[in-house]
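The following paragraphs lead the reader through one protein structure, from its sheet to the helices around it. Please keep the sequence and the model in view while reading.

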Amino acid sequence: MPLTEPHDDHLPEAGPVAAGREVGGGDDDLAGGAEQPRPGETEPTAPEPEPVLPEPVRQRIVALTAAVLPAMPTDEVPVPLRRVAKFAPNRRARLGAPAIAAQLTADPLFRQRVTARVLADAGDLGAAVVEGTAPAAADPVEVAALAYLARPRGWRELIEASGAAVRAEADSAVVAELVREAEQRATRAEHDRAVARVEAEKLRDELARVREELGQLREESRQLSRTLRETQARERRANELLATERGRAARAAADTEAELRRARARLAEAESAAGVARASAKESRSVDDARLWLLLETIGQAAVGLRRELALEPVEKLPADFVADAFADQSAAAPAGAAARARDTDDPARLDQLLALPRAHLVVDGYNVTKRGFGEMSLEQQRKRLITGLGGIAAQTGDEVTVVFDGAERMHGLPPTPRGVRVLFSRKGETADELIRRLVRAEPTGRPVVVISSDREVADGVRRHGAYPLGADSLLRRLARS
C-alpha cells in the first residue's frame with residue numbers, strides 16, 4: 001500500500017470511534033483482539049470500544065513503534081510494515097504512520113512484540129505503567145502511550161487522564177496567550193498615550209511658533225506698506241521725468257532721421273563703387289581660373305603620356321601584399337631620403353589628419369594596442385574587437401589598413417576579416433616588430449604610412465624609414481569615437 005502523510009492514521013483519534021472496529025486488551029490473544037480474563041476476574045461479555053486518543057498520544061504511539069521496527073526480526077514484522085522498517089528514521093514515523101496504526105489496531109501479537117521492546121527501552125517508567133502506578137512527575141503523553149501499548153489494569157483511565165492533562169495544558173496556553181495579548185494591548189495603549197502627550201507638546205510649541213511668525217508677518221506688512229507708499233511717490237516723479245525725456249527723444253529722433261537719409265545716400269554711392277570693383281575682380285578671377293585649368297590639363301596629359309610611355313598596367317597587389325606573400329623572407333634597403341617625411345608626434349588628433357591624406361596606409365601593432373585598451377579579454381576576443389573596429393575605419397576613410405599579430409603557428413580558425421583590412425601574423429623566428437618595419441620599407445617614397453604602436457623601438461625604427469608613428473591611445477580613442 002502506498003504511504004502518505006499521516007493524516008489518515010488508523011489509531012483512534014479525538015472523535016467518535018469507527019463502528020464495528022475490533023480492539024485488543026492488555027494481554028491480547030494471539031488470534032483475536034479481545035482481552036483475556038485475569039485471575040480473580042470474570043470473563044468480559046463483549047470487547048470494549050477503543051478509547052478516544054488525544055492527538056499527542058496517538059503521535060507518540062506511532063513514534064515509539066517506528067523506533068523499534070528496525071530492531072525486530074523480519075519474520076516478526078507484518079508484511080505491510082517491512083518496507084516501512086527500511087525507511088530513514090526521520091521518515092519512518094511520518095510516512096509509515098497509517099500502516100503502523102493499522103497494524104497496532106488489527107494485530108495484537110505485533111502490538112505485544114512492540115510493547116515488550118518499548119517497555120524495555122522505557123525502563124522504570126515502563127515498569128511503573130505496567131503496575132498501574134505512573135509517577136506524578138512523568139509526562140502524561142508518554143504514560144498514556146505506554147499504557148495504550150501495555151494495556152495494564154486501569155489503562156483507559158490513564159489515557160483519559162492524559163487527555164485531560166493535554167487539554168489543561170492547551171487551556172493554560174490559551175489563557176497565557178490571552179494574558180500576553182492583554183499585556184501587549186496595555187503596553188500599546190500606554191505607548192499611544194505617551195506619543196499623544198509628545199504630539200500635544202509639539203503642537204503647543206508649533207502654535208507658539210506660528211503666533212511668533214504671525215507677529216513678524218504683521219510687522220513686515222507694516223514695513224511693506226510704508227515701502228509701497230514711498231515707491232508710488234518715486235513712480236510719480238519718474239513719470240514726470242519720463243515725459244521730459246520723451247520730448248528730448250522726439251527731437252533726437254528727428255535729428256537721427258535726417259542723418260539716416262544722408263547715410264543712405266552715401267551707402268548708395270558705396271554700393272555703386274563696390275559693383276564696379278566686383279566686376280573687375282570677376283574678370284581677374286576668370287583669367288586666373290583659365291591659367292589654373294591650363295596648368296592642370298598640361299599636368300594630366302603629361303601623366304597620361306608618362307603612363308603610356310612606361311606601359312604601366314593597373315596592379316592587383318599593393319606593396320604590403322608582397323611583404324605578406326612572396327617577399328616575406330627578403331629584406332629591402334631603406335630608400336634614401338625617406339626619413340625626411342617622418343614627424344615626431346603622438347597627438348591623437350594627428351591620426352585623423354593623416355588618415356585624410358590620399359592613399360594612406362594604416363599599419364597597426366595588434367597586441368600592443370589590444371593589451372593596452374582591453375587586456376582583460378582573451379586573445380581571440382582582443383583580435384576580433386580590434387579587427388572589427390579597423391573594418392569601420394577602412395569603410396569610413398577608404399584607406400589601406402594592415403594589422404600585425406605575433407605567432408602565426410598558434411592561430412587556428414580565424415574569422416573572416418572585414419573588407420579593406422589585411423591581417424598578418426609573424427612567422428616562426430620573426431616578431432611583429434620586424435614584420436612592421438618590412439611593411440614600411442616596402443612602401444614607395446612619398447606615400448603616407450601611419451604606424452600605431454606604443455613600443456618606442458618600433459616607433460624609432462619606422463620613423464627612420466619615413467613613416468608616421470603614433471601611440472596606441474590615439475587609435476583606441478578613434479575606435480571609441482566610432
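Two strands count as paired if DSSP finds at least two bridges between them. The model discussed here is predicted. In this model, L362 stands opposite V450 in β4, and H361 stands opposite V449 in β4. These residues belong to the pairing of strand β1 (residues 361–365) with strand β4 (residues 449–452), which is parallel and extends over four bridges. Strand β1 also runs parallel to strand β2 (residues 400–405), to which five bridges join it. Within that second pairing, V404 in β2 is the bridge partner of D365.

These pairings form part of an open sheet of five strands, whose order is β3-β2-β1-β4-β5 and whose pairing is parallel. At the edges stand β3 (421–425) and β5 (468–470); each has a single partner strand, so one side of each is left without a neighbour in the sheet. On average, and with direction ignored, neighbouring strands of this sheet are turned by 20° against each other.

How far is β1 covered? Five of its five residues are buried, so that the strand is mostly covered, where buried means under 20% relative accessible area. In a regular strand the side chains alternate between the two faces of the sheet. For β1 the cover extends to both faces: H361, V363 and D365 are buried on one side, and L362 and V364 are buried on the other.

Which helices lie against the strands? Helix α14 (residues 456–464) lies across β1, β4 and β5, and runs at about 165° to β5. Helix α15 packs on the sheet as well, touching β1, β4 and β5, with a direction that makes about 95° with that of β4.

Helix α15 has a further contact, this time with another helix. Two packed helices are described by the angle between their axes and the distance between the axes. For helix α11 (residues 366–373) and helix α15 (residues 472–481), the packing angle is about 65° and the axes are 10 Å apart. That angle makes α11 roughly perpendicular to α15, since angles of 65 to 115 degrees are counted in that class. The crossing of α11 and α15 is right-handed. From α11, the residues N368, V369, R372 and G373 take part, meeting A472, D473, L475 and L476 of α15. By character, the residues of this contact divide into four nonpolar, two polar and two charged.

Elsewhere in the sequence, helix α7 (residues 140–150) offers another case of burial. Of its 11 residues, 10 are buried, so α7 is largely enclosed by the rest of the structure. The buried residues of α7 are V141, E142, V143, A144, A145, L146, A147, Y148, L149 and A150. Just after α7, R151 takes a positive phi of about 55°.

The protein as a whole can now be considered. Its secondary structure comes to 15 helices and five strands. Buried residues make up 31% of its 482 residues. Among contacts between residues at least 6 apart in sequence, 66% join residues at least 24 apart.

Note on methods:
Residues are numbered from 1 along each chain as its sequence is written. This is a predicted model: local features need pLDDT of at least 70, side-chain atom pairs count only at pLDDT 80 or more; totals for chains, interfaces and linings use all residues. Side-chain values use heavy atoms; hydrogens and water are left out. Axes are lines fitted to C-alpha atoms, for helices over the stretch in contact, and angles run from 0 to 180 degrees between N-to-C directions. Helices (H or I, at least four residues) and strands (E, at least two) are DSSP runs, numbered from the N terminus. Angles under 35 degrees count as roughly parallel, over 145 as roughly antiparallel, 65 to 115 as roughly perpendicular and the rest as oblique. A crossing is left-handed if the near helix is turned anticlockwise from the far one by less than a right angle, and right-handed if clockwise. Contact means heavy atoms within 4.5 Å. Ala, Val, Leu, Ile, Met, Phe, Trp, Tyr, Cys and Pro count as nonpolar, Asp, Glu, Lys and Arg as charged, and the others, Gly among them, as polar. Buried means under 20% relative accessible area, exposed over 50%, partly exposed in between (1.4 Å probe, protein chains only).
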